[in-house]
Amino acid sequence: MSTYTHPRVLAMLFLGFSAGLPLLLIFSTLSIWLSEAGVERSAVTYFSWAALGYSFKFVWAPLVDKLPLPLLEHWLGKRRSWLLLSQLMVISAMLWMAMSDPASTEGLRYMAFAAVLLGFSSATQDIVIDAYRIEAVEEKLQALMSASYVAGYRIGMIAAGAGALYLAAGLGTTKEAYVYSSWQLTYIAMAGTMLVGVATTLMIEEPRRRSELSFLESTSDYLRFLLLFACFVSTLVGGYVLLADGITELRIGLEGLGLGASLAAFSAEAIWLLATVAMAAVTSWMLVMLNIANRRALQETYVNPIAEFFGRYGRMAFLVLLLIGFYRVSDIVLGVISNVFYVDMGFSKNQIATVTKVFGLWMTILGGFVGGFLTIRYGVLKILMLGAVMTVITNLLFIPLANNPGNLSLLYVVIGADNLTAGLAAAAFIAYLSSLTNLSFTAMQYAMFSSMMTLFPKLLGGYSGSIVDSLGYESFFLISSMMGVPVLVLIWAVDRYVKEIKP
């Protein structure tokens with residue numbers, strides 16, 4: 001039990017809180033503010049770009065991994081200096097949002113820029129916290145670090161969700177009578193709450209890292225590295241935008257070849273993403289060939305982390321990556337449509353908030369700590385298998401709920417089981433991902449793994465509504481549950497054929 005009170009396990013609780021706080025301030029809480037300010041729904045899509053930071057954080061993870069911050073690194077060390085910088089950026093973005101009234105056209109534009117900055121800053125903070133968590137303690141404590149992080153993250157979401165809404169309402173703003181100052185003070189208060197993370201960063205110790213020779217030996221090296229990074233990101237974003245029309249035509253063409261609408265759209269989006277990454281890679285290679293960028297910088301930041309992983313596991317690396325990409329597919333696909341399902345079943349907004357947000361949140365936290373304890377006791381792969389089996393079973397529990405609309409007691413049972421399972425599986429899975437990383441490439445490799453973890457499920461989850469419209473809720477829940485069965489086979493195969501190789 002003393003491991004739960006380990007100083008770094010406790011510190012991860014507060015860092016998790018700092019990581020979970022910004023998320024809802026970009027999405028659900030912000031959407032309510034925009035709605036009260038009279039912003040049209042079409043304009044709200046302007047803010048979807050804020051989410052790009054979370055989806056593509058692996059792009060600038062090498063920057064965080066390799067680039068020392070002048071002055072700050074000497075004072076705090078590499079991880080803590082980047083952590084402090086990202087937290088100060090998060091606070092600045094929140095204050096910028098607070099000073100922007102979306103009721104005016106100019107204020108809405110500034111709000112959009114601030115939201116994008118908040119997404120980028122928050123994703124950067126996630127990169128550093130993940131790296132710190134892996135480097136700060138030995139492997140046997142990783143499951144507890146994961147559980148503590150999940151608990152803090154969820155509490156941060158409560159503060160930014162329910163807490164911010166209660167505060168804004170208490171200050172007098174409503175849908176009928178919009179009061180900008182109420183939302184302004186709310187976001188200032190949320191920025192102040194981020195000081196929990198700042199204080200934690202200043203109090204913790206810098207983790208020990210392996211000594212390494214840096215390719216950054218002069219001002220010229222710094223500038224060329226930053227140019228490489230800027231060109232990579234610009235090409236990635238620019239290509240994503242420029243290829244949009246072509247991907248629409250590709251989707252139509254795939255439908256014409258006999259693929260269903262959902263499968264054609266999913267395939268087109270996957271090709272879209274791969275094409276933009278390929279364009280960015282080609283651009284980086286051309287910069288090296290023209291001697292504009294440093295070949296060693298490209299090698300150490302983007303090539304070596306991937307090559308090291310494949311060199312360590314060989315052909316079995318593909319099996320590990322399949323497990324990473326598919327482990328959460330079942331619960332993410334179901335989660336996309338869950339709120340719509342609760343409304344369709346006749347539950348009120350208050351009932352949904354109480355059961356799924358409050359009760360469900362605490363069950364997730366409980367599951368996280370149970371998963372952490374069991375992982376230490378029985379090993380990570382056994383608890384990964386337990387989490388996968390429980391996910392298949394709990395997804396099936398939604399079928400009787402679909403047949404008993406409005407049954408509040410049954411909703412408590414289903415949400416309790418589902419969230420307990422989610423917390424348990426998440427703690428074990430994060431510990432597993434942490435064990436795969438090499439300490440020389442912590443930020444880049446973990447960012448790559450965590451992006452893969454959600455990429456395929458999110459792409460597929462976008463078509464949950466279409467599946468429900470075509471087949472109904474019962475068939476959808478059966479399908480989402482069966483999506484978890486191949487995961488059981490993947491865990492068995494990894495346990496049997498992939499040797500545990502210490503990086």
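What share of the 503 residues of the chain count as buried? Half of the chain does: 50% of its residues are in that class. Keep in mind as you click around that this is a predicted model.

**The whole chain**

Start with everything shown as a cartoon. You'll see 25 helices and zero strands. Switch on the surface, and the accessible area comes to about 22,300 Å², with 67% of it belonging to carbon and sulfur atoms. If you draw the contacts between residues at least 6 apart in sequence, 82% of them join residues at least 24 apart.

**Stop one: helix H2**

Select residues 28-36, which make up helix H2. Show side chains for Thr29, Leu30, Trp33, Leu34 and Glu36, the buried residues here. Now turn the view so that you look down the axis of H2: these buried residues fall within an arc of 165°, so they line one face of the helix. Step just past the end of H2 and pick Gly38, where phi is positive, at about 85°.

**Stop two: Asp65 and Arg79**

Next, select Asp65 and Arg79. Their side chains form a salt bridge, with 2.8 Å between the closest N and O atoms. The two partners come from distant parts of the chain: Asp65 sits in helix H5 (residues 61-66) and Arg79 in helix H7, 14 residues apart. Is this pair buried or exposed? Arg79 has a relative accessible area of 1%, so it counts as buried. Asp65 is buried too, at 2% relative accessibility. Add Glu135 to the selection, and you have a network of salt bridges linking Asp65, Arg79 and Glu135.

**Stop three: Leu71**

Stay in this stretch of sequence and pick Leu71, in the loop between H5 and helix H6 (72-76). What is the sign of phi at Leu71? Phi is positive there, about 70°, although Leu71 is not a glycine. For context, most residues other than glycine have a negative phi. Turn the surface back on around Leu71: at 75% relative accessibility, this residue counts as exposed.

**Stop four: a nonpolar patch**

Now select Leu95, Met99, Leu167, Leu171, Leu185 and Ile188, and colour their surface. Together they form a nonpolar patch with about 470 Å² of accessible area.

Zoom in on Leu95 to begin with. You'll find it in helix H7 (residues 78-98), and its relative accessible area of 33% makes Leu95 partly exposed. Which residues does Leu95 touch, leaving aside its neighbours within four places in sequence? The answer is Ile188 and Ala191; Ile188 is also a member of the patch. Try a distance from the C-alpha of Leu95 to the C-alpha of Gly192 as well: the two are 97 residues apart in sequence but 9.4 Å apart in space.

Then move over to Leu185, in helix H10 (residues 180-193). With 44% relative accessibility, Leu185 counts as partly exposed.

**Stop five: two more salt bridges**

The structure holds six salt bridges, and here are another two to look at. Select Glu308 and Arg312, whose closest N and O atoms are 2.9 Å apart in a salt bridge. Both belong to helix H15 (residues 295-313), and because they are four residues apart, about one helical turn separates them. Hide the surface for a good look, since both Glu308 and Arg312 are buried.

For the other, go to Arg328 and Asp331. Their side chains meet in a salt bridge at 3.7 Å, N to O. Are these two buried or partly exposed? Asp331 counts as partly exposed at 23% relative accessibility, and Arg328 is also partly exposed, at 29%.

**Last stop: Ser435**

Finish in helix H21 (residues 408-436), where you'll find Ser435. What does the side chain of Ser435 have beside it? Draw a line from its polar atom to the backbone oxygen of Tyr432, and the distance reads 2.6 Å. The relative accessibility of Ser435 is 19%. The cut-off for buried is under 20%, so Ser435 counts as buried.

Technical notes
Residues numbered from 1 in each chain as written. Predicted model: local features only at pLDDT ≥ 70, side-chain atom pairs only at ≥ 80, totals over all residues. Heavy atoms only, no water. Buried < 20%, exposed > 50% of the residue type's maximum accessible area, 1.4 Å probe, protein only. Helix = DSSP H or I, 4+ residues; strand = E, 2+ residues; numbered from the N terminus. Arc of directions from axis to C-beta. Polar contact = N/O pair within 3.5 Å; in protein donor to acceptor, adjacent residues only side chain to side chain. Patch = residues over 30% accessible without salt bridge, like charges linked within 9 Å, V, L, I, M, F, W, Y side chains within 5 Å. Areas by Shrake-Rupley, 256 points an atom, 1.4 Å probe, with all protein chains shown as cover. Salt bridge = Lys/Arg side-chain N within 4 Å of Asp/Glu carboxyl O. Contact = heavy atoms within 4.5 Å.
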